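The following report looks at aromatic contacts, charges placed over rings and strand pairing in one protein model. Please read it alongside the sequence and the coordinates.

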Amino acid sequence: MESSSASYFDTSTWDPRDVISGGSRMLPISTPAGDFRVWTKRVGNNPDVKVLLLHGGPGATDELYECFDTWFPGAGIEYYYYDQLGSFRSDQPDEPQLWDLARFVDEVEQVRKALALDSSNFVLLGQSWGGLLALEYAVHHQDQLKGLVISNMMSSSRLYNAYANEVLMPAMDQGVLGEIKQFEAQGTTDDPRYEQLLMEHHYALHVCRLPIEDWPDPVTRSLAHINPAIYVPMQGPSELGMSGTLESWDRSNDLADVNVPTLVIGATHDTMDPAHMRWMSEQLPQGRYLHCPEGSHLSQFDDPKHYFPGLIDFLHSL
C-alpha cells in the first residue's frame, strides 16, 4: 500500500510547470471564433486509468466534482478537473456561435490530445450535460476511449421532456407549477421568484436531495458561477425539461454502436428517468448500470455511499 500510495502522489514525471501549479494548466483551444484557453487540473498518477471529468450545465463548473477528492485518491484513480470553454475558470468569449454541441465535442478531443490521453488509459466521465457530451464524444471518437461513464443523463432530450411532463410535473404543487410556467411564458425567468420556486419545489427534491440550507458548498458555488449565456440557449431556463438548442438531441439508436466498457448511473429521485438509464445500459454492448436508491440528479452529493463504491468498482474493472 505504501509503494502504491507513493506512486500515486509522485510528480517526478509531471511537466515541471504542473508541479509548480499543483496540477493546474490552461490548455489552448482552437475554435471557429479564434483561439482560447480552458482550465484543467490533474490529480494523481495512474498510467492505466485517467478520468477526464465533464461537468454539467451547459455552462456550469468543475466544482461539482470536488467531492471526488474524498474517494478517488484513496482508490488510486488519476483524474482531471476541467472547465469547458465559457465556464468559470476558462476563457469566457462572448461568441454565441461557439455554444454548439459539435464544437464542444471537438474541444474535448483537443483537451484529450493536450493531456496525452489515449485508449490505453482514457476514461471519459460526464454528469448531466456532461453525460450528454460524453456520449456524443463516444459516438464520434470511441476509438480513443478505454471506458465511458454516463452519469444522470438520458440518451434522448424528447424522453427527458416526457419524463418531466408526465411524471415530475404532475407530482408538483400545481399552483406552483402554474406560476413557474407563467414566468417561462412571459420570458421573465430572471425573476428571483422563479428561481426560488424551482429551488424549493424541484431542485431540493430532484437535483440535490438535501435541505437547501445544507447543500454542499461546491453545489452552491457552481450554481452561482453558471454562465447563463451558455445554459439558457442550449438547455433552456431550468432543469425542469429541455427547451434550448439541445431539445431535439437523441442518441438512443446509436447506443448499440458504442462498443466500449460503459457505466450508466441513475437515481431514484433524479430529474432523469432511472428506468430509461437502466435501458441505456442494456443497449450498450459493454454496458453496466449503477442505481443510486437515495440519490437525485447530483447523486455524488446526496447518495455517495452508493455512487462512489459502484463507480470505483467499474473503474478498477477496466
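Which residue lies over the face of Phe104, and at what distance from the ring centre?

## Basis of the model

This is a predicted model, in which local features need pLDDT of at least 70 and side-chain atom pairs count only at pLDDT 80 or more, while totals for chains, interfaces and linings use all residues. Residues are numbered from 1 along each chain as its sequence is written, and side-chain values use heavy atoms, with hydrogens and water left out.

## Charges over rings

Arg103 is the residue over the face of Phe104, at 4.6 Å from the ring centre; a charge sits over a ring if NZ of Lys or CZ of Arg is within 6 Å of the ring centre and within 35 degrees of the ring normal. Arg89 likewise lies over the face of Trp39, at 4.7 Å from the ring centre.

## Aromatic pairs

A search of the whole structure yields 13 aromatic pairs, where rings of Phe, Tyr and Trp (its six-membered ring) pair if their centres lie within 6.5 Å, and planes under 30 degrees apart count as stacked, over 60 as edge-to-face and the rest as tilted. One of them joins Phe68 and Phe72 edge-to-face, with 4.9 Å centre to centre and 70° between the planes. Phe68 is buried at a relative accessible area of 0%, and Phe72 is also buried at 0% (buried means under 20% relative accessible area, exposed over 50%, partly exposed in between, with a 1.4 Å probe and protein chains only). Both residues belong to one aromatic cluster formed by Tyr65, Phe68, Trp71, Phe72, Tyr79, Tyr81, Tyr307 and Phe308.

Phe183 and Tyr194 form another edge-to-face pair, with 6.0 Å centre to centre and 70° between the planes. Because Phe183 lies in helix H7 (residues 174–186) and Tyr194 in helix H8 (residues 192–206), this pair ties together parts that are 11 residues apart in sequence; helices (H or I, at least four residues) and strands (E, at least two) are DSSP runs, numbered from the N terminus. Phe183 counts as buried at 10% relative accessibility, as does Tyr194 at 2%.

## Strand pairing

Strand S1 (residues 24–31) and strand S2 (residues 34–43) run antiparallel and are joined by eight bridges, given that two strands pair if DSSP finds at least two bridges between them. S1 and S2 form a hairpin with two residues between them, and Thr31 has Gly34 in S2 as its bridge partner.

S2 also runs antiparallel to strand S4 (residues 78–83), to which five bridges join it. Here the bridge partner of Val43 is Tyr79 in S4, and Tyr79 is one of the members of the aromatic cluster.
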